Amino acid sequence: MIRLLAVVGIVLASCGPSAPRPATGLHASATASGAAKAATGVDPYDMGRATTADGTIDVKVTDVGDRWSHLENTDLVDVHATLRIGGDTYDVTIDRAMPRHPLDQYTTWFAVALGQEQHGDTGIGTAELPRVAPEIALWGWAHVRRNGQDIAVSAPAHVMVMKGGPLKGVMLLVNDEDKGLIGAPDGYLSVAWPDVASLSLPSSEQAWRHFGGLVALVVLFAAFLWLASTEPVGGATARS
C-alpha cells in the first residue's frame, strides 16, 4: 500500500502547476482578402444593412491550453487587418491577448479557442449571432488607426474563422458590444469576408496531445495493477 500511495503522490505532483508553462501549444493561422461586408447602423451584427468593403486580414494564434487562472495566460494572438470602407482606410492590429472578458460576462478561453461553440444560446458572446463553432476564435485588445490616425489603442476585439456554416468566412469585430470606438462612424467595426483564403489547423499536434494523454493513462493503470498484484495480502501476512 505504501508503494501504491507513493506512485499516486508522484503522479499528482507532476500534474500540479509547479511553474509557468512556456508559450508553446497548438498553432493555427488563417488569411482572407478581397471583397468584404461592413455592418453599418445601430446593429453591428446585421449584415443585411452592410456596405461594401475590401481588404486583407492575417490571423495567427497559439493556444497553450487550460491554465489554473487567467493570470497564467500565455495564449498568443497576432492579427493584422487593413480595411477600406467607403472613403476611409482602417488598420487594425491585435497582438495582446484578452484572457478574460472585461466585465466577466463570459469565458474567452484565455484568449484563444479552437473549435469551441459560442454565440447563439451558448451564453458565450452575443446571442445576436447564430450558434457557431469556429475553427479559430480569439479575443484580444486592438490598436486601430483610421486614415493613419490612432482612434483606439486598446479596444476589445473578437475574430472568428469558419470553413462553413451560417457565418462562413472570417469575421472581425471591434467594440461591437459597447460601440465605444470613437472615430468610427457607428462606434464599432464589424467586417466579414465570405471566404477563407488559407487555413492551417493543428490537427497533428492535437492528435499527438490526445495520444500522449492516452499513453499516460495506460501506463498509470498498468502501474496500479502491478502494485496491487505485488502488495502482500493482509490476511496471508497475519497467518504467516
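**A loop between two strands**

Let's start with a small detail: a polar atom of the Thr107 side chain sits 2.9 Å from the backbone nitrogen of Trp109. That is a polar contact, meaning a pair of N or O atoms within 3.5 Å, where within protein one must be able to donate a hydrogen and the other to accept it, and where residues adjacent in sequence count only if both atoms are side-chain atoms. The model is predicted, with local features needing pLDDT of at least 70 and side-chain atom pairs pLDDT 80 or more, while totals for chains, interfaces and linings use all residues. Residues are numbered from 1 along each chain as its sequence is written, and side-chain values use heavy atoms, leaving out hydrogens and water.

Thr107 belongs to the loop between β4 (88–97) and β5 (112–113); strands are DSSP runs of E of at least two residues, and helices runs of H or I of at least four, numbered from the N terminus. Phe110 lies in the loop between β4 and β5 too. Thr107 counts as partly exposed because its relative accessibility is 35%, whereas Phe110, at 17%, is buried. Here buried means under 20% relative accessible area, exposed over 50%, and partly exposed in between, using a 1.4 Å probe and protein chains only.

Now follow each residue to a partner elsewhere in the chain. Thr107 and Gln118, eleven residues apart in sequence, have C-alpha atoms 9.7 Å apart. For Phe110 and Gly140, 30 residues apart along the chain, the C-alpha separation is 9.8 Å.

Stepping back, the protein chain has three helices and ten strands. Of its 240 residues, 37% count as buried.
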